[in-house]
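Q: I have a structure open and no clue where to start. Could you walk me through reading it, feature by feature?

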Amino acid sequence: MSLIQEIDYGTPASTAEKTVTLTIDGNEVTVPEGTSLMRAAMDAGIQVPKLCATDMMDAFGSCRLCVVEIEGRNGTPASCTTPVAEGMKVSTQNERLKKIRKGVMELYISDHPLDCLTCAANGDCELQDMAGAVGLREVRYGYEGENHLGKEKDLSNPYFQFDPSKCIVCSRCVRACNEVQGTFALTVSGRGFDSLISAGTDYDNFFSSECVSCGACVQACPTATLEEKAVVEIGTPEHSVVTTCAYCGVGCSFKAEMRGEELVRMVPYKDGKANRGHSCVKGRFALGYATHKDRILNPMIRDHYSQPWREVSWDEAIGFAAKKIKDIQAKYGRGSVGGISSSRCTNEEVYVVQKMVRAGFGNNNIDTCARVCHSPTGYGLNSTYGTSAGTQDFDSVEDTDVILVIGANPTDGHPVFASRMKKRLRGKPGEEGAKLIVIDPRRIDLVKTPHIEADHHLALKPGTNVAMLTALAHVIVTEGLVNEEFVRERCEWDEFQDWAAFVADERHSPEAVESVTGVPAEEVRKAARLYATGGNAAIYYGLGVTEHSQGSTSVIAIANLAMATGNIGRRGVGVNPLRGQNNVQGSCDMGSFPHELPGYRHISNDAVRETFEELWGVKLDNEPGLRIPNMFDAAVEGTFKGLYCQGEDILQSDPDTKHVSAGLEALELLIVHDLFLNETANYANVFLPGSSFLEKNGTFTNAERRINRVRKVMAPKNGYEDWEVTQLLAQAIGMDMNYAHPSEIMAEIAATTPSFANVTYDLLDEKGSVQWPCNDQFPEGAPIMHVDGFMRGRGKFIRTEYVATDERTGPRFPLLLTTGRILSQYNVGAQTRRTGNVVWHDQDLLEIHPHDAEQRGVRDGDWVKLQSRAGETSIKAKITDRVAPGVVYTTFHHPMTQANVITTDFSDWATNCPEYKVTAVQISPSNGPTDWQEDYRELTMESRRIMPAEAAE
Amino acid sequence: MERDKLVYMANQIAKFFESAPEGARSQGVADHINKFWEPRMRTQLFERVDSGRTEDLSPIVLGAMPSIRRPAAPLEERASKQADEHAS
């Protein structure tokens, strides 16, 4: 193993189709028109010395190190800013160029500390490399003159430091922040010799500035000026392995850079097709949880959750759990146990869990955390298009003319894709950016952010998505903006006509629903016209669409809009669900839903069941199993007694906490398989320690259906990869399961699931990743779906009647609470709360409009009591006009906030996906945490007691 | 008082299919329940309807009842499990 060194071509690739042939140092090179001389030289294997250029951003031409000579042209142009031309003859090395470069380097080094041996970037420094490359042997100016040495370091960011003494003001960091991340937090202050890199204003440091800690500047820095603190502390890495981030559904590729078994840093991988070399604060830096002292590494059991935990051997824990499963099934029937698979685990692990439940437990009580996030996507897209997946790859956004974002907050939830989206929104010189429509109750960052402003922000009332989407359809149909050619060719025409007549009804007009949505009708009309006529239009949506009582209806409405306007089946368009967790797509694909076998095939389908029955040697139940909320209901009723829960904290993440805890309390067996003693484990009697994504092999499938490899870089600290733990349990209940490696599990998936038929680890190693469907029809995967026809044949239009949620405001609960997340934290926070990320967000806050706050006598930072029909909690207030009057907003990253004590058990009509996004609440001033919060804290402390294993005699 | 969840869920499904063309409504509800409801949930629905406690149920749900699959056999008779074979 060695350190993977990616080639830096100096400037971005040209996308031109026309090619140009030229000669560089006597070598003939043919490259696309618009390529820089520097990149063309690198293509020919000639590395022109450079400092300010890197291929992640546009050429800048400031360092003057990359100068070349061109036959017939005067002077020495910079190769980074000079495009190729037909027949050009270029020299990259001669006496004149050597002299210029040496002179440039001499000046740089005269104002640079000569502490290379003790510098953190020693061996990984482009300035050092270039001094060597140009043959610098002395600095004639001496080091005594005016300089920038001895300046104070900025250590304010938890993950990287800024040492201005080492800065050469190449402005790569500034450009990375602008061009790659799109935050514009950095600038060069002063001029000439006084030029300094500055974060925010003069009074700011990196932490207090707008910096979002994505790491793009650190990545871009050619010196040790911006350096990971981990490298300062540990030293440079010696080998690296390409793997996939385990945070959000973007699925960024990273090089895990290691020294032995110690992770030094995660570096975004340029060949990663989801992230193209970019990263965010979570994937790049928030890895501390993997080695956090809270991680539980030994299996534990107890007879009842009121007792302290007992550390035991794996054999004893697995034996204890298996016996309980059998006893419970003998006593209460085969349907009395079930499992929950995790969207944070690999495809292979999820597949094995559903296999154990279906073939081992002998029922279909298997569900996954996608139940509470994107299950309506499954229902909605399956009903209309014939399969449950986003239609595009992320690259597609580069060809989009109109971006419609609804119920998603990409800059916080999917930051790396948001950066790619922002790049397209900003456009580039000579090319206008895409137009933007945002439909969200809150003024999310994307609405107004540097160099981007939404053309239309439809700030609707929470819970009125279907009314809004149907009104958009009304405008498109009644103003004659339907793409009739597309609809006639690709969709069921009769159903379209039925739908068109339905949406054309006056009661669906923007004017008619204005009182419901709260959005001025004219604004809705303009947005509809823009979406329908602005060129390639793409819809991106998130949990603000799905987590409603009409979540599935909204997804259908979105699918209808895209079909009616012909925005399906090519680059730049489509319907794109932004998936929450790293492997939500995969866990759904792998048959985690109680009614579906892998590949979205219904359990009642005899032929499909027979495929698995033959392979697994058992008869499978042909009835759908219990979904997560049904499991809690059945537990409270007494017919569901045992649950295996892998990598999900249902007590914290699921709505109506009191109902969930009542269900968990009623279980006789709760197996929690996790990295930490999470909140759910409070009610568990078996704890099986899990492994982190750094400790296992497998695959994750991201929001664009991309199957990415997860590669093991260290041995599991708990002893087993998670699929091995499930396999141990499966064996203990009598199953014949003996996989030696996850690639064998993938082989079984491919053999049984047509959309994965050609997927193998060899193919993934060769291609880097593939997007399913990957089979004989699409041998290398399918970046865009429904190109020649919909998966179901013809697209299906379905009527979408708006039905107001039964969760209504009234005199007792006059405000609407909606929930979301924040950039630095992830999901229930189990991982990110155990990293340096807490400096950005150490508690959940309640956003409230100044008007509502004033009425209630609430000041910024006050404790307030938040009450709903389901429960109450206390939380600190943050006064902001991001939310509209009448709407309050909070995150759910911290267990002590217990935001889900407040949320109700209302759910999506089709999938039971909880209605997290709408809860009627009241708030009032408060002194601090509620009694319930205090009691809960006590219960948690009590429940986490551990008795160490007794030493053997 | 706690809502009767099952009735609530059934009515919610009916509400969606209410806007479907006439004739497709009850069939839509029945298909949906057959596809997604675990047998014990369907059993509870039948118990309620069979005992005549139908006052809270949407007419569309009632119209769907003839097309909803009545869970016939208990789970033990529908499927076998590997553990049993190994135990013998």
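What follows is a conversation about chains, domains, a helix and two single residues.

Q: Before we dig in, what kind of model is this?

A: It's a predicted model, so keep that in mind throughout.

Q: Okay. Let's warm up with chain B: how many helices and strands does chain B have?

A: Chain B has 6 helices and 0 strands. Going along the sequence, the pattern reads α-α-α-α-α-α. Of the 88 residues in chain B, 50% are buried. You can also look at how far apart in sequence the touching residues are: among contacts in chain B between residues at least 6 apart, 62% join residues at least 24 apart.

Q: Now the place where the chains meet. How large is the area buried between chain A and chain B?

A: Here's the general idea: the size of an interface is often given as the accessible area lost when the parts come together. In this case the area buried between chain A and chain B is about 3,700 Å², with carbon and sulfur atoms giving 49% of it. On chain A, the residues that lose the most area to chain B are A:Arg334, A:Glu623 and A:Trp909, which together make up 21% of what that side buries. As for head count, chain A puts 54 residues into the contact and chain B puts in 35 residues.

Q: How many salt bridges and polar contacts does the rule find across the interface of chain A and chain B?

A: The rule finds 4 salt bridges there. One to look up is the salt bridge of A:Asp633 with B:Lys5, where the closest N and O atoms are 2.7 Å apart. There are also 12 residue pairs in polar contact across this interface, both residues being at pLDDT 80 or more.

Q: Which helices of chain A each supply at least two residues of the side that touches chain B?

A: They are α9 (347-361), α15 (493-504), α19 (551-564) and α22 (628-637). The largest share of that side, 4 residues, comes from α22(A). Sorted by class, the side of chain A that touches chain B has 19 nonpolar, 21 polar and 14 charged residues.

Q: Chain A looks like several pieces. What does the domain assignment of chain A give?

A: It gives four entries: domain 1 (19-133), domain 2 (300-373 + 584-756), domain 3 (390-577) and domain 4 (815-942). Take domain 2 and domain 4 of chain A: their C-alpha centres lie 30 Å apart. Their contact takes 20 residues from domain 2 and 29 residues from domain 4.

Q: What area is buried between domain 2 of chain A and domain 4 of chain A?

A: You read this one just like the chain interface. The buried area is about 2,200 Å², and carbon and sulfur atoms give 50% of it. On the domain 2 side, A:Arg344, A:Gln652 and A:Lys658 supply 28% of the area buried against domain 4, more than any other three residues. The rule finds 0 salt bridges across this interface, but 18 residue pairs in polar contact, with both residues at pLDDT 80 or more. Three helices, α22, α23 (650-653) and α24 (657-665) of chain A, each supply at least two residues of the domain 2 side.

Q: Let's zoom in on a helix. Is helix α10 of chain A mostly covered or mostly uncovered?

A: Helix α10 (residues 375-384) is mostly covered, with 9 of its 10 residues buried. Among them are A:Tyr379 and A:Leu381. The buried residues of α10(A) pack against elements of both chains, including α19 of chain A and α1 (5-17) of chain B. After α10(A) comes A:Gly386, whose phi is positive, near 100 degrees.

Q: And single residues? Why does A:Ser549 count as buried?

A: Check the relative accessibility: under 20% means buried. A:Ser549 has 11%, so A:Ser549 counts as buried. You'll find A:Ser549 in the loop between α18 and α19 of chain A. Leaving aside neighbours within four places in sequence, A:Ser549 touches residues including A:Trp909 and B:Gln12.

Q: Can we try one more: where does A:Thr930 lie?

A: A:Thr930 lies in the loop between β36 (919-925) and α29 (931-943) of chain A. A:Thr930 counts as buried because its relative accessibility is 7%. Not counting residues up to four places away in sequence, A:Thr930 touches A:Lys865, A:Glu872, A:Thr873 and A:Ser874.

Terms used: Residues numbered from 1 in each chain as written. Chains lettered and ligands numbered in written order. Predicted model: local features only at pLDDT ≥ 70, side-chain atom pairs only at ≥ 80, totals over all residues. Heavy atoms only, no water. Buried < 20%, exposed > 50% of the residue type's maximum accessible area, 1.4 Å probe, protein only. Contact = heavy atoms within 4.5 Å. Buried area = accessible area lost by both parts, 1.4 Å probe. Salt bridge = Lys/Arg side-chain N within 4 Å of Asp/Glu carboxyl O. Polar contact = N/O pair within 3.5 Å; in protein donor to acceptor, adjacent residues only side chain to side chain. Nonpolar A, V, L, I, M, F, W, Y, C, P; charged D, E, K, R; others polar. Domains from an automatic or database assignment.
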